[in-house]
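Please open the model in a viewer and keep the sequence panel beside it. The tour below proceeds by selection, with each stop followed by what is to be found there.

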Amino acid sequence: MWNRLFRKKETLLPPADWGVLKADMHSHLIPGIDDGSQNMDQTIAMLAKFESLGYKKVVTTPHIMSDYFKNTPEIILRGLKEVQETAKKLGLKIQIEAAAEYYFDDAFIKSLQNKEELLTFGDRFLLFEFSFHEPPGQTEAMVFEMVTQKYQPILAHFERYTYYLGSVDKARELRDRGVNIQMNINSLTGHYGPAIKKQAELLVDEKMVDFIGSDCHRIEHLMKIEQAAKLPYVHKALELPLKNAQLL
Ligand SMILES: [Fe+2]
């Protein structure tokens, strides 16, 4: 407790400009289809906030997870169309696209093996995530499969996988195999706890970040991101050769 009371407060810098990223590529903004936005009002509020933070585009990425969120390209693209139409009617200028965040489960592996066309953004970027608690199997073969099919894989929020904490060797290995590494901005704020924050800082120190994303599910995530602009590690992250701006 004393430790906590006397912990040195982090020095803050003048707020960095999120606009330099141009595009966010990880969020859950299609209403009612996953654990993100629950209705169109929430979606519009979040889009307006992205716009005011300086973003020009969001690529929203609903979960596709066979156990919990049985989304399909049709469901996602139908939802996207409604969001685009509503945002336009309300005068929002931000560009909105959609792809998916694929959970690395049997269904995903099967889709890959069957060479089904998966939802991508930009130059065939394919966002996927692992389980938070159990290390995945078959990664080498599946990454090989993705790269062979000319996808550019992006592993979501590498810093959040508890079984990789304390080292970024796996990120290095995956990058060598052609996987891009995405970090959540809010990992640097401590939103997911101190261990995840430390791992995110390590990723930045080791320059192992290719994309940074909001992973926005609720407006509160964007409020925290607004505050995060003052963190030294956010400044440091924004100086990395990130690929977000390629998506504009
Ligand atoms: Fe996500």
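Helices (H or I, at least four residues) and strands (E, at least two) are taken here as DSSP runs and numbered from the N terminus. The model is a predicted one, in which local features need pLDDT of at least 70 and side-chain atom pairs count only at pLDDT 80 or more, while totals for chains, interfaces and linings use all residues. Residue numbers start from 1 along each chain as its sequence is written.

**First stop: A100**

Select A100, in the loop between strand 4 and strand 5 (101-103). Is A100 buried or exposed? A residue is termed buried if 20 or more other C-beta atoms lie within 10 Å of its own, exposed if 12 or fewer, and partly exposed in between, with C-beta atoms placed from the backbone. A100 has 26 C-beta neighbours inside 10 Å and therefore counts as buried. Now add I64: the two residues are 36 apart in sequence, yet their C-alpha atoms are 6.5 Å apart in space. Contact here requires C-beta atoms, placed from the backbone, to lie within 7 Å of each other. Leaving aside residues up to four places away in sequence, A100 touches T61, P62, I64, N71, I76, L119 and L127.

**Second stop: the six-stranded sheet**

Strands pair if DSSP finds at least two bridges between them. Select strands 3, 5, 6, 7, 8 and 9, which form an open sheet in the order 3-5-6-7-8-9 with parallel pairing. Strand 3 (63-64) and strand 9 occupy the edges, each with a single partner strand, so one side of each has no neighbour in the sheet. Within this sheet, strand 5 and strand 6 (residues 125-129) run parallel and are joined by three bridges. Display Y102 to find its bridge partner in strand 6, F128.

**Third stop: strand 8**

Next, select strand 8, residues 180-184. Five of its five residues are buried, so the strand is largely enclosed by the rest of the structure. Which residues cover each face? N180, Q182 and N184 lie on one side, with I181 and M183 on the other, and all are buried.

Extend the selection to the partners of strand 8. Strand 7 (residues 152-155) runs parallel to strand 8 and is joined to it by two bridges, with I154 opposite N180. Strand 9 (residues 211-213) also runs parallel to strand 8, through three bridges, and here M183 stands opposite I212.

The connections can be followed in turn. A crossover is right-handed if, with the strands pointing away from the viewer, the path from the first strand over the helix to the second runs clockwise. Strand 7, helix 6 (residues 169-176) and strand 8 make a right-handed β-α-β unit; strand 8, helix 7 (residues 194-205) and strand 9 likewise make a right-handed β-α-β unit.

Then centre on I181. Not counting residues up to four places away in sequence, I181 touches L155, F158, A171, L174, R175, M208, V209 and D210. A nonpolar core is a set of buried Ala, Val, Leu, Ile, Met, Phe, Trp, Tyr and Cys residues joined through C-beta atoms within 7 Å. The largest such core has 63 residues, of which V59, L127, F128, I181, L203 and V209 touch the most other members.

**Fourth stop: helix 7**

Select helix 7 and look down its axis. I196, Q199, A200, L203 and V204 are its buried residues. These fall within an arc of 145 degrees (taken from the directions from the helix axis to the C-beta atoms), so they line one face of the helix. P194 and D205, on the other side, are exposed. Helix 6, strand 8 and helix 9 (232-238) are among the elements covering the buried residues.

Move on to K207, just after helix 7, which takes a positive phi of about 55 degrees. Most residues other than glycine have a negative phi. K207 has 13 other C-beta atoms within 10 Å and is partly exposed.

**Last stop: the three-stranded sheet**

Finally, select strands 1, 2 and 4, which form an open sheet in the order 1-2-4 with parallel pairing. Strand 1 (23-24) and strand 4 (95-98) stand at the edges, each with a single partner strand, so one side of each lacks a neighbour in the sheet. Two bridges pair strand 1 with strand 2 (residues 57-60), and A23 stands opposite K57.

K22 lies in the loop between helix 1 (2-5) and strand 1. Although not a glycine, K22 has a positive phi of about 70 degrees. It is partly exposed, with 17 C-beta neighbours inside 10 Å.

Technical notes: Two residues are in contact if their C-beta atoms, placed from the backbone, lie within 7 Å.
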